[in-house]
Amino acid sequence: MARNPERRAALVDAAIEVLARDGARGLTFRAVDTAAGVPNGTASNYFANRDDLLAQVTGQIHQRIAPDPAEVAEVLAAPRDRALVVELMHWINRRVAENRTGYLAMLELRLEATRRPELRAELTRTIRAVLDEDVRFHLDSGLPGDRTAVMLMYLAMTGLMLEQLTLPGVVPDEEADGLITALVDRATGLKGDVG
């Protein structure tokens, strides 16, 4: 197997693009080579098989869609109140729109995991670790809402993401904004004006 880490990362990024554009069925070594702009056969020199490529994508995709720590610090400069939780949920929603490719690729990975037990196990571990970290972050940051509130917001936001990625007309943006605010109010038990 080839050992150029920059080339491997470029191939994984290209695989994410292919997943988002063509779905799991379109994820072939040839498609990845084409998307990466490298000679045919390059991806097969870096990944033992398709499962290996999917595992690498699973490991990389959360890094790609994760917010910049400086952005997080900027958002968290506000008081730790209900308005900040509302803003964080709106921010997450905006991030999905801004990184549609990454989130579509994640959705494709989830679908592919229903047919591949090894991928399912790896993706479950990865997403569970991210979710546990998100809950810990929320609680340690002193944001309003307990673990159950965070889990409810996660599940509701995941559903909203699915709608917006697949059938954006089902929940128009202006309706989504109000629903996100209502979600925070109901999950945390707090109500108030967003300033």
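**Entry 1. The second largest pocket**

I began with the lining of the second largest pocket, whose residues divide into 5 nonpolar, 3 polar and 4 charged. The model I am reading is a predicted one. I then looked up the volume of the second largest pocket and noted about 210 Å³.

Which residues line this second largest pocket? I listed His90, Asn93, Arg94, Val96, Ala97, Arg100, Gln164, Leu165, Pro168, Asp173, Ala176 and Asp177. Two or more residues of this lining come from each of α6, α9 and α10 (173–188). I recorded α6 as the source of the largest share, with 5 residues.

**Entry 2. The largest pocket**

I turned next to the largest pocket and found a volume of about 1,200 Å³. Its lining holds 32 residues, and those nearest the centre of the pocket are Ile92, Tyr103, Val130, Asp134 and Tyr154. The elements giving two or more residues to this lining are α4, α6 (82–98), α7 (100–113), α8 and α9 (147–166).

Which helix gives the largest share of the lining of the largest pocket? I noted α9, with 8 residues. Sorting the lining by class, I entered 25 nonpolar, 3 polar and 4 charged residues.

**Entry 3. Helices α4 and α8**

Two packed helices are described by the angle between their axes and the distance between the axes. I looked up both values for helix α4 (residues 50–65) and helix α8 (residues 117–140): the angle is about 10 degrees, and the axes lie 10 Å apart. Because angles under 35 degrees count as roughly parallel, I entered α4 as roughly parallel to α8.

I then asked which residues of α4 and α8 meet. From α4 I wrote down Asp51, Leu54, Thr58 and His62. On the side of α8, I wrote down Glu118, Leu119, Glu122, Leu123, Thr126, Ile127 and Val130. By class, the residues of this contact divide into 5 nonpolar, 3 polar and 3 charged. I marked Val130 twice in my notes, as it belongs to the contact of α4 with α8 and is also listed among the residues nearest the centre of the largest pocket.

**Entry 4. Three single residues**

I placed Asp81 in the loop between α5 (69–75) and α6. Is Asp81 buried, partly exposed or exposed? Its relative accessibility is 33%, so I entered Asp81 as partly exposed. I also checked Asp81 against Pro144: the two are 63 residues apart along the chain, and their C-alpha atoms are separated by 6.1 Å.

Gly142 I found in the loop between α8 and α9. With a relative accessible area of 43%, Gly142 is partly exposed. From Gly142 to Asp51 I noted 91 residues in sequence and 40 Å in space, C-alpha to C-alpha. Asp51 had already appeared in my list for α4, where it takes part in the contact with α8.

Arg136 has its place in helix α8. I recorded Arg136 as partly exposed, at 38% relative accessibility. Between Arg136 and Pro79 I entered 57 residues in sequence and 18 Å in space, C-alpha to C-alpha.

**Entry 5. The chain as a whole**

How many helices and strands does the chain have? I entered 10 helices and 0 strands. Read along the sequence, the pattern is α-α-α-α-α-α-α-α-α-α.

For the extent of the chain, I noted that the C-alpha trace spans about 60 × 35 × 30 Å along its principal axes. Of the 195 residues in the chain, 41% are buried; a residue is entered as buried when its relative accessible area is under 20%. Finally, I looked up the contacts with a separation of 6 or more, and residues 24 or more positions apart account for 66% of them.

Note on methods: Residues numbered from 1 in each chain as written. Predicted model: local features only at pLDDT ≥ 70, side-chain atom pairs only at ≥ 80, totals over all residues. Heavy atoms only, no water. Axes fitted to C-alpha atoms, helices over the stretch in contact; angles between N-to-C directions. Helix = DSSP H or I, 4+ residues; strand = E, 2+ residues; numbered from the N terminus. Parallel < 35°, antiparallel > 145°, perpendicular 65-115°, else oblique. Contact = heavy atoms within 4.5 Å. Nonpolar A, V, L, I, M, F, W, Y, C, P; charged D, E, K, R; others polar. 1 Å grid on protein atoms, 1.4 Å probe; cavity = no way out; pocket = protein on both sides within 12 Å on 5 of 7 lines; lining within 4 Å. Points joined across faces, edges and corners; volume = space filled by probe spheres on them. Buried < 20%, exposed > 50% of the residue type's maximum accessible area, 1.4 Å probe, protein only.
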